[in-house]
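User: Hi! I'd like to understand how the labels on this model were reached. Could you take me through the reasoning?

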Amino acid sequence: MNIAFCINRKFIQQLCTTIISILENNNCNITVYILHSELVKKDILNIELLKLKYNNLEIKFIKVDKKNFRNLKNNLKHISIETYFRYA
């Protein structure tokens, strides 16, 4: 199973909770693609700790350049630029 998430640093805890729930409720191999623009090494290492408990988990981090979205008109304060990374 392949799953993609587009996140910023504010949603790391929610991301990990979601991944754990998926893993606890499925017994297949799961590859998680995480599209981001601002995660630092510590964030990545913390997320990768999940692989210590779940051997059916593979995580791939994809850094997206926010500059690709600089002309995007986003008038909704509750929508982050990361929401649009799925279109990159």
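User: Why does C6 count as partly exposed?

Analyst: Happy to help, and keep in mind that this is a predicted model. The relative accessibility of C6 is 23%. Buried means under 20% and exposed means over 50%, so C6 falls in between and counts as partly exposed.

User: And what makes C16 buried?

Analyst: Its value is 14%. The limit for buried is under 20%, so C16 counts as buried.

User: How many disulfides does the structure hold, and how is that decided?

Analyst: It holds zero disulfides. To be counted, a pair of cysteine sulfur atoms has to lie within 2.5 Å, and the count of zero means that no pair here meets that cut-off.

User: Why is N56 called buried, and where does N56 lie?

Analyst: N56 sits in the loop between α3 (50-53) and β3. Its relative accessible area is 15%; buried means under 20%, so N56 is buried. Leaving out residues up to four places away in sequence, N56 touches L23, N26, N27, C28, N29 and I30.

User: Which residues touch the most other members of the largest nonpolar core?

Analyst: That core has 18 residues, and F5, I19, I34, I47 and L57 touch the most other members. Two or more residues each come from β1 (2-6), α1 (12-24), β2 (30-36) and β3 (57-63). The most come from α1, which gives six.

User: What does I19 touch?

Analyst: Not counting residues up to four places away in sequence, I19 touches F5, V32, L50 and L57.

How values were computed:
Residues are numbered from 1 along each chain as its sequence is written. This is a predicted model: local features need pLDDT of at least 70, side-chain atom pairs count only at pLDDT 80 or more; totals for chains, interfaces and linings use all residues. Side-chain values use heavy atoms; hydrogens and water are left out. A nonpolar core is a set of buried Ala, Val, Leu, Ile, Met, Phe, Trp, Tyr and Cys residues joined through side-chain atoms within 4.5 Å. Buried means under 20% relative accessible area, exposed over 50%, partly exposed in between (1.4 Å probe, protein chains only). Helices (H or I, at least four residues) and strands (E, at least two) are DSSP runs, numbered from the N terminus. Contact means heavy atoms within 4.5 Å.
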